[in-house]
Amino acid sequence: NNQDYIVTMTRTSRLILLLAAATGAAAFSPSLSAHPSRISTTSLFKPSSLPQHNHSTNSQTKLSAISSLPFEDLTTLTTALSTTASSLTTSPPSIQTAFTLATFLPQPLWLLLILLPKSPLTKSLFSTYTPITICSLLHLFIVLTSITQPSGTAPLAEFADVFDPSGNPQNAMMGMMKYPNFVTEEWSHVLTWDLFVGRWIWLDGLKRGIFTAHSVLLCNLIGPPGLLLHFATCLVTGKGLAVDDVAEAEGEEG
């Protein structure tokens, strides 16, 4: 009758929503029961709620078992899974703030290195590792704060796929970018190292009288090519590549 038809269609629509939410949640965490907001989702699958199946049970039987859940249980499960997926696709305000700081805090420092490389202010700031240390501490804060989150920075299993030569490392890395905490960590990571290398280029230019504004700018924009440009500038100007301090250090030890 019409009433049975309505009930069947309602359960079917709920099942579709359930599967969509479960797919999203599964992509962010290997275990649904680990997150506090996943309110008693596992309790919905007690023996009293679902029939027990062995490993040979086919997918169609499992879906039928889920769709046979009471309407209220399906609603609760769908809401819990949706909440889980949502919580794992956003960072807490502290990490969002850290992302903003990691992005904009170094920019005035870059301007000093590029536009005023010989300024007393630039020399005062970069004569020590203070700017690099501040950025490093900000990155450490992001990492430590991420650890307290349900998914951490990102699932280790997925991170391991990036270093699996038999798989698709590039695709795995692209998949990691769906985790906001991982994006924040990687972004601050890259910006900190770029500034570290930019400082080295500036310092080498200052020591040996080499123009570095173009190299430091490129280092800020795309990283390693800025270092290569500095090497090229050193060779073109006849200054030669910078010699590591190893020989100097060995001489001091001797």
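**Exercise 1. Which residue just after H11 takes a positive phi, and about what is the angle?**

Solution. Walk off the end of H11 and you land on Gly223, with a positive phi of about 75°. The "H" labels are DSSP runs numbered from the N terminus: helices are H or I with at least four residues, and strands are E with at least two. A heads-up before going on: this is a predicted model, where local features need pLDDT of at least 70 and side-chain atom pairs count only at pLDDT 80 or more, while totals for chains, interfaces and linings use all residues. Residues are numbered from 1 along each chain as its sequence is written, and side-chain values use heavy atoms, with hydrogens and water left out.

**Exercise 2. Work out how many helices and strands the protein chain has, and what share of its residues is buried.**

Solution. Step one: count the elements, which gives 13 helices and 0 strands. Step two: check burial, where buried means under 20% relative accessible area, exposed over 50%, and partly exposed in between (1.4 Å probe, protein chains only). Of the 254 residues in the protein chain, 32% are buried. Step three: look at contacts (heavy atoms within 4.5 Å). Taking those between residues at least 6 apart in sequence, 68% join residues at least 24 apart.

**Exercise 3. Find the largest nonpolar core and say which elements feed it.**

Solution. Start with the term: a nonpolar core is a set of buried Ala, Val, Leu, Ile, Met, Phe, Trp, Tyr and Cys residues joined through side-chain atoms within 4.5 Å. The largest one here has 13 residues, and those with the most contacts inside it are Trp110, Leu113, Ile114, Phe126, Leu195, Trp202 and Val216. Next, sort by element: H5 (106-115), H7 (130-147), H10 (180-208) and H11 (213-222) each give two or more residues. H5 supplies the largest share, 4 residues. Now zoom in on Trp202: beyond residues up to four places away in sequence, Trp202 touches Leu113, Pro117, Thr122, Lys123, Phe126, Thr212 and Val216. There's also a second, separate core of 6 residues, with Ala154, Ala172, Met176 and Phe182 among them.

**Exercise 4. Are H5 and H10 roughly parallel or roughly antiparallel?**

Solution. First get the geometry: the two pack at an angle of about 15°, with axes 11 Å apart. Axes are lines fitted to C-alpha atoms, for helices over the stretch in contact, and angles run from 0 to 180 degrees between N-to-C directions. The cut-offs are under 35 degrees for roughly parallel, over 145 for roughly antiparallel, 65 to 115 for roughly perpendicular, and oblique for the rest. So H5 is roughly parallel to H10. Their crossing is left-handed, a term for the near helix being turned anticlockwise from the far one by less than a right angle (clockwise would be right-handed). Then list the players: Pro106, Leu109, Trp110 and Leu113 from H5, and Asp194, Leu195, Gly198, Arg199 and Trp202 from H10. By class that's 6 nonpolar, 1 polar and 2 charged residues. For the sorting, Ala, Val, Leu, Ile, Met, Phe, Trp, Tyr, Cys and Pro are nonpolar, Asp, Glu, Lys and Arg are charged, and the others, Gly among them, are polar.

**Exercise 5. At what angle do H5 and H11 pack, and how far apart are their axes?**

Solution. The angle is about 160° and the axes are 9 Å apart, so H5 and H11 are roughly antiparallel. This crossing is left-handed. Gln107, Trp110, Leu113 and Ile114 of H5 meet Ala213, Val216, Leu217, Cys219 and Asn220 of H11. Sorted by class, the contact holds 7 nonpolar, 2 polar and no charged residues. Back on H11, the buried residues are Ala213, Ser215, Val216, Cys219 and Asn220, and their cover includes H5, H10 and H12 (224-236).

**Exercise 6. Is His230 buried or exposed?**

Solution. Place His230 in helix H12. His230 is buried, because its relative accessibility is 0%. Skipping neighbours within four places in sequence, His230 contacts Trp200, Ile201, Asp204, Gly205, Ile210, Thr212 and Ser215.

**Exercise 7. Where does Ala242 lie, and which residues does Ala242 contact?**

Solution. Ala242 sits in the loop between H12 and H13 (246-253). With a relative accessible area of 27%, Ala242 is partly exposed. Leaving out neighbours within four places in sequence, the contacts of Ala242 are Trp200, Asp204 and Arg208. The C-alpha atoms of Ala242 and Asp204 are 7.3 Å apart, although 38 residues separate the two along the chain.
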